[in-house]
Amino acid sequence: MAHEGYLIDQFLQDGSNQRTDEYGGSIENRARFLLEVIAAVSSVWGADRVGIKLSPSNTFYGMFDSNPQATFSYVLEALSSANLAYVHLMEPNEVDMKNRDVLHPVTPLFRPRYQGTLISNGNYTYETANYALANGEAELISFGKFFLANPDLPERFKLNAPLNEPDFKTFYGSGENGYTDYPFLEQVAR
Ligand SMILES: Cc1cc2nc3c(=O)[nH]c(=O)nc-3n(C[C@H](O)[C@H](O)[C@H](O)COP(=O)(O)O)c2cc1C
């Protein structure tokens with residue numbers, strides 16, 4: 001389940017949630033929708049096939065929370081007993097850090113709150129990802145932009161080969177350009 005700025009996030013964070021019923025106000029109330037969705041989809045697929053991405057420092061779509069540390073700690077603790085496949089934590093990007101004084105880095109701060117498989121994401125390189133794994137900050141690191149730009153990313157990491165640079169102009173649309181036309185290593189070598 002993706003999260004950043006979408007419906008579940010809009011319920012969770014008090015920058016968007018203005019409700020006065022049992023889904024608004026306290027952290028417990030704002031987290032209710034998220035936890036109910038997790039319970040509902042887990043009852044259909046099994047919790048071990050459900051994961052959720054949490055983005056405590058995302059500012060996209062104007063998202064914010066007056067106390068992200070308390071809000072997301074509550075959610076992570078509540079999810080710790082849900083036996084999910086994973087929780088995915090997103091680090092802020094450069095725009096988030098320019099927009100506001102956001103929590104950074106997110107993963108070491110929240111790691112102690114979650115007893116389960118944690119994936120961290122956001123601005124990692126091969127080197128910083130390995131460092132975070134060796135440090136026990138997360139069980140897994142995921143890559144967005146580099147995977148988009150490198151169809152053979154694991155192979156390139158294995159060989160310590162140079163990476164194709166992501167082309168920001170082609171993000172979020174514009175047909176197959178920037179989605180299916182980044183070259184594989186052997187095409188670069190030719
Ligand atoms: C083209 C593009 C589309 C994305 N769409 C979503 C999305 O729909 N939901 C989401 O949670 N994250 C989305 N992301 C964010 C990525 O999942 C990831 O968190 C982000 O790119 C940071 O990781 P990175 O620095 O390795 O790219 C998108 C990223 C890119 C580049």
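These are my notes on the domains, pockets, cores and aromatic pairs of this structure.

**Entry 1. Domains**

I am working with a predicted model. I began with the domain assignment. It splits the protein chain into domain 1 (7-142) and domain 2 (150-190). I then looked up how far apart they sit. Their C-alpha centres are 28 Å apart.

**Entry 2. Largest pocket**

I turned to the pockets. The volume of the largest pocket is about 1,100 Å³. Which residues lie nearest its centre? I noted Met90, Asn93, Lys145, Phe171 and Tyr172, out of 33 lining residues. Three elements give two or more residues to this lining: β2 (86-90), α4 (94-99) and α7 (145-149). The largest share is from α4, with four residues.

I checked the character of the lining. I found 15 nonpolar residues, eleven polar ones and seven charged ones. I also checked which domains take part. Domain 1 (7-142) and domain 2 (150-190) each supply at least three residues to the lining of the largest pocket.

**Entry 3. Second largest pocket**

Next I looked up the second largest pocket. The space in it is about 170 Å³. Its lining includes Glu91, Pro92, His104, Pro105 and Pro108. Gly122, Asn123, Tyr124 and Thr128 are also among the lining residues, as are Tyr131, Ala132 and Glu137. Which helix gives the most to this lining? My note says α6 (residues 126-134), with three residues. By type, I have six nonpolar, four polar and two charged residues lining the second largest pocket.

**Entry 4. Nonpolar cores**

I went on to the interior. In soluble globular proteins, nonpolar side chains tend to be buried together. I wanted to see where that happens here. The largest nonpolar core has 24 residues. Leu34, Ile52, Leu54, Leu79, Leu84 and Val87 touch the most other members. The elements that give two or more residues to this core are α1 (7-12), α2 (27-45), β1 (51-54), α3 (68-79), β2 and α5 (106-110). Helix α2 has the largest share of the core, five residues.

I also found a second, separate core. It has eight residues, among them Ala138, Ile141, Phe143 and Phe157.

**Entry 5. Aromatic pairs**

Last, I searched the whole structure for aromatic pairs. The search gave nine. I looked at Phe72 and Phe110 in detail. Why is this pair edge-to-face? The planes of the two rings stand at 65°, and the cut-off for edge-to-face is over 60 degrees, so the pair qualifies. The ring centres are 6.5 Å apart.

I then placed the two rings. Phe72 is in helix α3 and Phe110 is in helix α5, so the pair ties together parts that are 38 residues apart in sequence. Are these two residues buried or exposed? Phe72 is buried, because its relative accessible area is 0%. Phe110 is also buried, with a relative accessible area of 1%.

My other pair was Phe171 and Tyr172. I recorded this pair as edge-to-face too, with 6.0 Å from centre to centre and 85° between the planes. Phe171 counts as buried, because its relative accessibility is 14% and buried means under 20%. Tyr172 is exposed, because its relative accessible area is 76% and exposed means over 50%. I had met both residues before, among those nearest the centre of the largest pocket.

One more item went into the notebook. Tyr6, Phe60 and Tyr61 make up one aromatic cluster.

Note on methods:
Residues are numbered from 1 along each chain as its sequence is written. This is a predicted model: local features need pLDDT of at least 70, side-chain atom pairs count only at pLDDT 80 or more; totals for chains, interfaces and linings use all residues. Side-chain values use heavy atoms; hydrogens and water are left out. On a 1 Å grid over the protein atoms alone, a cavity is a set of points where a 1.4 Å probe fits but cannot get out, and a pocket is an open set with protein on both sides within 12 Å along at least five of seven lines; lining residues have an atom within 4 Å of a point. Grid points are joined across faces, edges and corners, and a volume is the space filled by probe spheres set on the points. Ala, Val, Leu, Ile, Met, Phe, Trp, Tyr, Cys and Pro count as nonpolar, Asp, Glu, Lys and Arg as charged, and the others, Gly among them, as polar. Domain bounds come from an automatic or database domain assignment. A nonpolar core is a set of buried Ala, Val, Leu, Ile, Met, Phe, Trp, Tyr and Cys residues joined through side-chain atoms within 4.5 Å. Buried means under 20% relative accessible area, exposed over 50%, partly exposed in between (1.4 Å probe, protein chains only). Rings of Phe, Tyr and Trp (its six-membered ring) pair if their centres lie within 6.5 Å; planes under 30 degrees apart count as stacked, over 60 as edge-to-face and the rest as tilted.
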